[in-house]
Amino acid sequence: MNIAICDDSIKDCDRVKGILVKEAINSVITVYTDGTSFLDATKKNRFDLVFMDVYLKGESGMEVASKLRDISPKTKVAFLTTSDAHAVEAFSLRALHYLVKPVDEDGVREVLLRYEDEDKSGEDTRKSVLSVRIGADIYTIDQADIVKIESDDHKTIIYMESGTAISAWMRLSDLEKQLDERFLRIRRGTIVNMASISKWRPKDCELIDGTTYLLSRSRRTELKEIYLRFKMEEMEQ
């Protein structure tokens, strides 16, 4: 495995590298102390996995990871940080994991296990979950269990198939970045799980929980085409 560590703290780099030497046998491990040199190296040498510090000098680790997706989309990212303040943003970038420093052996092992699981399946196992900040904690929600998501003033409410409503102090647009192709924004402030639509009509749609929503007037034709395409693909599976 070709692994990179990108952290402007030499001490933290040495700590992660020391664990990887023991846990990721036969891997090539390269250390970078800034995002620019790491991205330049990535253009010539694709990495399988990078441990990325969030608080890099200059560009943040989030910005570097965003650019990395354009250069090498198959490279997996595990973020390193001193707090969980950017955890939701990290998962919106399809982060493999989010480790709070000081990094320990268990955390690095978990990253390597997640990498192996995705590498074997060839699929992004994080795509089916939604990472949500509720208070000081981060929770993962199975996207298949979500009926709809609505914005309400400064918070977002996630309605589950079980009838539970989860309030999260996050912007709807931030959550939308994590959602897969089954979700559709049908109007301003409302996203629905197309698998939870029971009736589709010219001007509105009804969900399995009995609620009815008017469709965006300017996008009705486009929304209908997206929904019909979704149903056709669902039938073919």
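In strand 5, Y98 is the bridge partner of F79, and this pairing belongs to a set of four bridges through which strand 4 (residues 76-81) and strand 5 run parallel to each other. Two strands are taken to pair if DSSP finds at least two bridges between them, and the elements themselves are DSSP runs numbered from the N terminus, with helices (H or I) of at least four residues and strands (E) of at least two. The model is a predicted one, in which local features need pLDDT of at least 70 and side-chain atom pairs count only at pLDDT 80 or more, whereas totals for chains, interfaces and linings use all residues. Residues are numbered from 1 along each chain as its sequence is written, and side-chain values use heavy atoms, with hydrogens and water left out.

The protein contains seven helices and 15 strands. Of its 237 residues, 46% count as buried, where buried means under 20% relative accessible area, exposed means over 50%, and partly exposed lies in between (1.4 Å probe, protein chains only). Among the contacts in the protein with a separation of 6 or more, 53% are made by residues 24 or more positions apart, a contact being defined by heavy atoms within 4.5 Å.

Strands of a sheet pair through backbone hydrogen bonds, either parallel or antiparallel. The pair formed by strands 4 and 5 is part of an open sheet of five strands, which has the order 2-1-3-4-5 and parallel pairing. Strand 2 (28-32) and strand 5 stand at the edges with a single partner strand each, so one side of each is left without a neighbour in the sheet. From one strand to the next, the twist averages 20°, as given by axes that are lines fitted to C-alpha atoms (for helices over the stretch in contact), with angles running from 0 to 180 degrees between N-to-C directions.

A second open sheet, also of five strands, follows the order 10-9-8-12-11 with antiparallel pairing. Its edge strands are strand 10 (165-168) and strand 11 (183-187), each of which pairs on one side only, and neighbouring strands are turned by 20° against each other on average when direction is ignored. Within this sheet, strand 8 is joined to strand 12 (residues 190-193) by three bridges in the antiparallel sense, with I149 standing opposite I191 of strand 12. Strands 11 and 12 likewise pair antiparallel, over four bridges, and F183 stands opposite N193 in strand 12. These two strands form a hairpin with two residues between them, and G189 in the turn has a positive phi of about 85°.

Strand 8 (residues 146-152) also contains E150. This residue is buried yet has no salt bridge, the nearest side chain of opposite charge being that of R187 at 4.2 Å; here Lys and Arg count as positive and Asp and Glu as negative, while His and the chain ends are not counted. The side chain of E150 is instead joined to that of Y213 by a polar contact of 3.1 Å, that is, a pair of N or O atoms within 3.5 Å of which, within protein, one must be able to donate a hydrogen and the other to accept it, residues adjacent in sequence counting only if both atoms are side-chain atoms. When residues up to four places away in sequence are not counted, E150 touches K155, T156, I157, Y159, R187, G189, T190 and Y213.

A salt bridge is a side-chain nitrogen of Lys or Arg within 4 Å of a carboxyl oxygen of Asp or Glu, and by this rule the count comes to 19. K101 forms a salt bridge with D12, the closest N and O atoms being 2.9 Å apart. Since K101 lies in the loop between strand 5 (97-100) and helix 5 (105-121) and D12 in helix 1 (residues 10-23), the pair ties together parts that are 89 residues apart in sequence. K101 also forms a salt bridge with D53, with the closest N and O atoms 3.3 Å apart, and this pair links the loop to strand 3 (residues 49-53) across a separation of 48 residues. Both partners of the latter pair are buried, K101 having a relative accessible area of 16% and D53 one of 3%.

In a further salt bridge, the closest N and O atoms of D204 and R201 are 2.7 Å apart; D204 is buried at 16% relative accessible area, whereas R201, at 29%, counts as partly exposed. Finally, K22, E23, E105, D106 and R109 are linked in a network of salt bridges.
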